[in-house]
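The following exercises ask the reader to locate residues, judge their burial and trace their contacts. Each task is followed by a solution that proceeds step by step.

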Amino acid sequence: MKYHKIASFEAHPKKGDHVLLLYSGGLDTSVMLKWIQDHYQVEVSTLTIDIGQKANFNKIKKKALKLGAKEAIIIDAKEKFAKEVLTKAIKANGTHLGDYHLFCPLGRVTISQVAVQVAKQKGAKIIAHGCTGKGNDQVRFDSYIHTLDPDLKILAPVREWSLGRDEEIAYAKKHNIEIPRSIEKPYAHDDNLFGCSSECAEIEEIDVSPPLEKFLQLCVTPENAPDSPATVTISFEKGVPTKINDMGVPLTRLMSSLNQIGANHAIGISYVLEDRIIGIKARNVFEEPGAHILIKAHKMLEQLVCSKEENAFKSLIDQKWADLCFSAKWFDPLMNNLNAYLNEVNAKITGEVTVHLYKGVASVTALSSPNSLVDKNLATFMKNDVLNQNASAGFIEHYCLATKTAHQISQKTLTKPDLRF
């Protein structure tokens, strides 16, 4: 089916226009860099944003220039990503669809913000990205860029052209474009400081168990994890992790350390069957070792310092926050409202948490906080006079009154003889 541009933000490049291409150096964006220049006769500058992905940025820059980029821009945004985005995710126990800690939608926020800023600085009126018409990221990039600067236009060549993955590889070979994978190894990956994803090939076949050893990027498989467990202690101040094993480090370094420790013990591997924003169901495999450890620790510390009602209500807030994050609603006013509540609750989330790591399982085994609601004198089963146990029986009689009454009425109704003929 021929593609027709109908949205007001879609670009119709003219000869001589300046396009800013979000460039990873992978298959899609490398083919795009060549294709945009040839198809539209425009100048293209590339923008590669470092948010903690494993990449050779010098090599990416050289590759972009070799393929004709007017300028190859590299921006280190790890600190921005950690401070402005990841702290919010940790406070919200950012988890979606089981154990997916949202590394990808979180990263799209910072990339979009930086892209809009650079486009303004460079005078580019068009931002191009490599998203397909089937995924979530097209919604995130298009929505965020259009929201942050409605004057910018967006070009999504993969959504427009009729090239499938095999055709892209053939195109790259024809034009001597170096690519990181081949038809024989068709897995696609994405990563940043908070995690990594794998898709394509057997991963898409939901009736097949994905061969983890073929495509995992960070973690060992649980079977190959060490037979000896490890423990890690994380310190939090107002909901934000500040120390690992009593060593104070910036969040970027703390995440890197946790990723390495967790990956060695196969922590944070999840199989997620997601409902994409546009309605497609698809499976991905995620590796988020550091994020999984942090959120597990943070959530347990919340349980320690918050009341029963606070914890129950915050779980609802967390769920809504995660849904907004996944669904490209980061700049929705409701997200600001939720973050305000999360900051208020996290003001008392201070303390230390010890996490036990063993063959894919992270378990909180010890925690402490100056704001702990645990009273050892009340919680102990040892004899003391702190709690008036004489009051318990009377409390229980009233506590079960409504249930007892309803049950008795239901029994009378069920046993009443039917006298109708």
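**Exercise 1. State in which helix H292 lies, whether H292 is buried or exposed, and which residues H292 touches beyond its sequence neighbours.**

Solution. The model is a predicted one.
Step 1. Locate the residue: H292 belongs to helix α10, which spans residues 289-305.
Step 2. Consider accessibility. The relative accessible area of H292 is 12%, and the cut-off for buried is under 20%; H292 is therefore buried.
Step 3. List the contacts. Leaving aside residues up to four places away in sequence, H292 touches D99, H101, I267, G268 and A362.

**Exercise 2. Determine which residues of helix α2 are buried and which are exposed, and explain the pattern.**

Solution.
Step 1. Helix α2 comprises residues 57-66, and its buried residues include F57, I60, K63 and A64.
Step 2. Explain their placement. These residues lie on the same side of α2 because they cover an arc of only 120° around the axis.
Step 3. Recall the geometry behind such a pattern. An α-helix has 3.6 residues a turn, so residues three or four places apart point the same way.
Step 4. Examine the other side of α2, where N58, K62 and K66 are exposed.
Step 5. Identify the cover. The elements over the buried residues of α2 include α1 (27-40), β2 (43-50) and β3 (72-76).

**Exercise 3. Describe what is found at the N-terminal end of α2 and just after the helix.**

Solution.
Step 1. The N-terminal end of α2 is capped by N56, with a side-chain oxygen 3.3 Å from the backbone nitrogen of N58.
Step 2. Just after α2, the backbone of G68 has a positive phi of about 105°.

**Exercise 4. Trace the network of salt bridges that contains R108, D137, R140 and D190, and assess the burial of its members.**

Solution.
Step 1. Begin with R108 and D190, whose side chains form a salt bridge at 3.1 Å, N to O.
Step 2. Place the two partners in the chain. R108 is in helix α4 (residues 103-122) and D190 is in strand β6 (residues 188-192); at 82 residues apart, the pair links distant parts of the chain.
Step 3. Compare accessibility with the cut-offs. R108, at 10% relative accessibility, is buried, while D190, at 22%, is partly exposed.
Step 4. Turn to D137 and R140, which form a salt bridge whose closest N and O atoms are 2.9 Å apart.
Step 5. Account for their spacing. Because D137 and R140 are three residues apart in helix α5 (residues 137-148), about one helical turn separates them.
Step 6. Both D137 and R140 are buried.
Step 7. Combine the pairs: salt bridges link R108, D137, R140 and D190 in a network.

**Exercise 5. Give the distance between E10 and R159 in their salt bridge, and state whether each residue is buried or exposed.**

Solution.
Step 1. The closest N and O atoms of the E10 and R159 salt bridge are 4.0 Å apart.
Step 2. E10 is in the segment before β1 (18-22) and R159 is in helix α6 (residues 157-160); this pair, 149 residues apart, links distant parts of the chain.
Step 3. E10 has a relative accessible area of 7% and is buried. R159, with 15%, is buried as well.
Step 4. For context, the structure holds 21 salt bridges.

**Exercise 6. Characterise two surface sites, one involving I280 and one involving E213.**

Solution.
Step 1. I277, I278 and I280 make a nonpolar surface patch of about 200 Å².
Step 2. Within the chain, I280 is located in the loop between β11 (269-275) and β12 (281-287). Its relative accessibility of 30% makes I280 partly exposed.
Step 3. E213 lies in helix α8 (residues 212-215). With a relative accessible area of 60%, E213 is exposed.
Step 4. E213 and N224 are eleven residues apart in sequence, and their C-alpha atoms are 9.6 Å apart.

**Exercise 7. Summarise the chain as a whole: how many helices and strands does it have, and what share of its residues is buried?**

Solution.
Step 1. There are 15 helices and 14 strands in the chain.
Step 2. Of its 421 residues, 46% are buried.
Step 3. Consider the contacts between residues at least 6 apart in sequence: 75% of them join residues at least 24 apart.
Step 4. The accessible surface is about 22,100 Å², and carbon and sulfur atoms account for 53% of that area.

Terms used:
Residues are numbered from 1 along each chain as its sequence is written. This is a predicted model: local features need pLDDT of at least 70, side-chain atom pairs count only at pLDDT 80 or more; totals for chains, interfaces and linings use all residues. Side-chain values use heavy atoms; hydrogens and water are left out. Buried means under 20% relative accessible area, exposed over 50%, partly exposed in between (1.4 Å probe, protein chains only). Helices (H or I, at least four residues) and strands (E, at least two) are DSSP runs, numbered from the N terminus. The arc is that of the directions from the helix axis to the C-beta atoms. Contact means heavy atoms within 4.5 Å. A polar contact is a pair of N or O atoms within 3.5 Å; within protein, one must be able to donate a hydrogen and the other to accept it, and residues adjacent in sequence count only if both atoms are side-chain atoms. Patches are made of residues with over 30% relative accessible area and no salt bridge: like charges are joined within 9 Å, nonpolar side chains (Val, Leu, Ile, Met, Phe, Trp, Tyr) within 5 Å. Accessible areas come from the Shrake-Rupley method with a 1.4 Å probe; for residues, only the protein chains shown count as cover.
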